[in-house]
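Here are a few short exercises to work through with the model open beside you. Try each task before you read its solution.

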Amino acid sequence: MPVGEVYYPSEEVIKNANIKNWDELNERATKDYEGFWEEMANELDWFDKWQKVLDDSNKPFYKWFTGAKTNIVYNCLDRHIKTYRRNKLALIWEGEDGQLRTMSYFALHREVCKFANVLKSMGVNKGDRVTIYMGRIPELIIAMLASARIGAIHSVVYGGFSVESLAERIEDSDSKVLITADGAYQRGKIVPLKQIADEALQRCGTVEHVLVVKRTGQEINMESGRDMWYHELMNLPIATQNCAFEIMDAEDPLFILYTSGTTGKPKAILHTHGGYMVGVYTTLKYVFDIKEEDRYWCAADPGWITGHSYIVYGPLLNGATSFMYEGAPNFPYPNRWWQMIEKYGINILYTAPTAIRGLMRFGESWVKRHNLSSLRLLGTVGEPINPEAWKWYFKVVGNEKCPIMDTWWQTETGMFMITPTPSVPLKPGSGTRPFPGIEMDILDENGNSVKPNEEGYLVIKTPWPAMLRTVYKDPERYVNQYWSKYPGYYMTGDSARRDEDGYYWIIGRVDDVIKVSGYRLGTAEIESALVSHPAVAEAAAIGLPHDVKGNAIYTYVILKNGYEKSSALIEELRNHVAHEVGPIAKPESIEFVDSLPKTRSGKIMRRVLKARALGHDPGNISTMED
Ligand code: WT7
């Protein structure tokens, strides 16, 4: 297998691959990408076909499959229950407490229809926003699909976020309905979701109904007239299992998902029913070679784009059987994941470098207790994977027979953009090349392509069907953030280099986004949480390298007059950030300082703080005041 640093696929892998000749497909798709995506779109069901595949008359507000009518949920569920897939498992779910639930396509369709009727009875209509805040339980998927079925726009807020993050997302999306749970199990403890939601709702005024799934069963506050139990609503006569789907225009919004950007508040990325559907269907089919008999496990959280595209929509569009696990990878013991792979006969595992590094720390004996021979393909996403973790994943988990799909993409791209397919040679740490039909480049400051192995800005040169359509309620930000540095090209915010074989190597973010355990956080969110504490006058956050998390958050704080530096205050501030933003944002360290490096226009120079922390030369500091 391994030849130098290139890993070639085996005969067996090539035999199974949906793309046998990558170069041939790539050539065809590059010559005529509209034709390629049209061909892919024709594999799905439409109530009316498109007049045009791509409408680029109002760049960068591209439209795909204009005039076409569909509903992504129809393609995820109704299409399958007319076939042999009616009795096929759509979902296998294991709770952290060991509870097992399974749902056939028929059952999932039924539950989605019932809940869609519940939502309708709450007055939810086409175009309304619905916020969903839950742990990894089947009802999260049901809630997403039920919203989409009736044309509502879902906004899922990751269950690891906390009060302020939830409040500002509810407020910005103007949601009338919040769907949550009493709690979520995480590493043997309960995350008090409903309690966090109650606190968030005191800070924002849009929500009329709160629908609560009972998962953990502890005592919670239920506000009469506002809060209702999911299981009680699902037993009402209105919750029938027939619910007509809304006929959607291809360009009608499917969901918004908040993500961190360079400045200010998180922005809501908007995706649509038509193009998004074609993009995630196609990429999952070709990159993970989904087979009818496969059991596929994407271990991400549905609260992030990875979960939207490759736990919920992608697998269901492909009629696949998905596995979902509620809890922590090392609970109660570090073999939990490997045990479940063996128990359920998982064939494909898709996870993040941070999880691999975390499990690697426990040593390979935990893996070796289990027979993982069902695995055929592995995947990774979220941040660059260090070759050491890649090799461990390949050797220890995949037993040197499973190619690793290192998929580069973003909330904004909706689908895989740089990714191998199983039949191509791999290099540890590289996502190989752009998916067929996607044209990318690496540019210098002046917009020229850089030479091989030189670092530059990663851009996307051609539109793709699952691309974001806009930033919800803020089209100007969409244009400025993504399309203005190099007009005509989509700016990813990442830096990268490309080797002599055309393989891409991602270096990292060039903006104020920090990737902590693969989670995307903005320095602005962490800083504003710190400043919301009465003791803090000013704050700055940076990311520094961390063995398991990839990056960890380091912060610098200027105290207000009258407050004393103390280790108790450091703890209080760290907990304050966890309470406001979420445990993932809790700073690794807080250092009290008397001043912060700033430009003359008053912007914090995080690059200077970072250089200082790493003991590097801060580079050009001519714009620094004082
Ligand atoms: C950013 C997007 C979309 C999946 C989850 C992340 C980084 C993502 C890779 C990869 C190196 C990666 C980039 C990107 N990233 N995948 N395979 N190799 N870096 O979505 O939260 O929107 O973050 O994650 O920096 O810009 P996201």
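**Exercise 1. A pocket and its lining**

Task: Sort the residues lining the second largest pocket into nonpolar, polar and charged, then work out where the lining comes from.

Solution: Keep in mind that this is a predicted model.
- Step 1. The lining divides into six charged, four polar and four nonpolar residues.
- Step 2. There are 14 lining residues, and those nearest the centre of the pocket are Glu164, Glu168, Glu525, Ser528 and Ala529.
- Step 3. Turning to secondary structure, helix 7 (163-173) and helix 17 (523-531) each contribute at least two residues to this lining.
- Step 4. The space in the second largest pocket comes to about 220 Å³.

**Exercise 2. Arginine 226**

Task: Decide whether arginine 226 is buried or exposed, and find what surrounds it.

Solution:
- Step 1. Locate the residue: arginine 226 sits in the loop that runs between strand 13 (209-213) and strand 14 (227-229).
- Step 2. The relative accessible area of arginine 226 is 13%. Buried means under 20%, so arginine 226 is buried.
- Step 3. Leaving out residues up to four places away in sequence, arginine 226 touches Lys194, Asp198, Leu201, Glu208, His209 and Val210.
- Step 4. One of these contacts can be followed along the backbone: valine 210 is 16 residues from arginine 226 along the chain, and their C-alpha atoms are 5.9 Å apart.
- Step 5. For a polar partner, look at aspartate 227, whose side chain makes a polar contact with the side chain of arginine 226 at 2.6 Å.

**Exercise 3. The buried side of a helix**

Task: Find out how the buried residues of helix 16 are arranged around its axis, and what covers them.

Solution:
- Step 1. In helix 16 (residues 475-483), the buried residues are Arg477, Tyr478, Tyr482 and Trp483.
- Step 2. Look down the helix axis: these buried residues fall within an arc of 165°, so they line one face of helix 16.
- Step 3. The cover over the buried residues of helix 16 includes strand 17 (267-272), strand 25 (470-471) and strand 26 (490-498).

**Exercise 4. Asparagine 347**

Task: Which backbone oxygen does the side chain of asparagine 347 reach?

Solution:
- Step 1. Go to the loop between helix 12 (336-344) and strand 20 (348-351), where asparagine 347 is placed.
- Step 2. Asparagine 347 counts as buried, because its relative accessibility is 15%.
- Step 3. Its contacts beyond four places in sequence are Glu293, Asp294, Arg295, Ser374, Leu375, Arg376 and Leu377.
- Step 4. The side chain of asparagine 347 reaches the backbone oxygen of serine 374, at 3.2 Å.

Conventions:
Residues are numbered from 1 along each chain as its sequence is written. This is a predicted model: local features need pLDDT of at least 70, side-chain atom pairs count only at pLDDT 80 or more; totals for chains, interfaces and linings use all residues. Side-chain values use heavy atoms; hydrogens and water are left out. Helices (H or I, at least four residues) and strands (E, at least two) are DSSP runs, numbered from the N terminus. Buried means under 20% relative accessible area, exposed over 50%, partly exposed in between (1.4 Å probe, protein chains only). Contact means heavy atoms within 4.5 Å. A polar contact is a pair of N or O atoms within 3.5 Å; within protein, one must be able to donate a hydrogen and the other to accept it, and residues adjacent in sequence count only if both atoms are side-chain atoms. The arc is that of the directions from the helix axis to the C-beta atoms. On a 1 Å grid over the protein atoms alone, a cavity is a set of points where a 1.4 Å probe fits but cannot get out, and a pocket is an open set with protein on both sides within 12 Å along at least five of seven lines; lining residues have an atom within 4 Å of a point. Grid points are joined across faces, edges and corners, and a volume is the space filled by probe spheres set on the points. Ala, Val, Leu, Ile, Met, Phe, Trp, Tyr, Cys and Pro count as nonpolar, Asp, Glu, Lys and Arg as charged, and the others, Gly among them, as polar.
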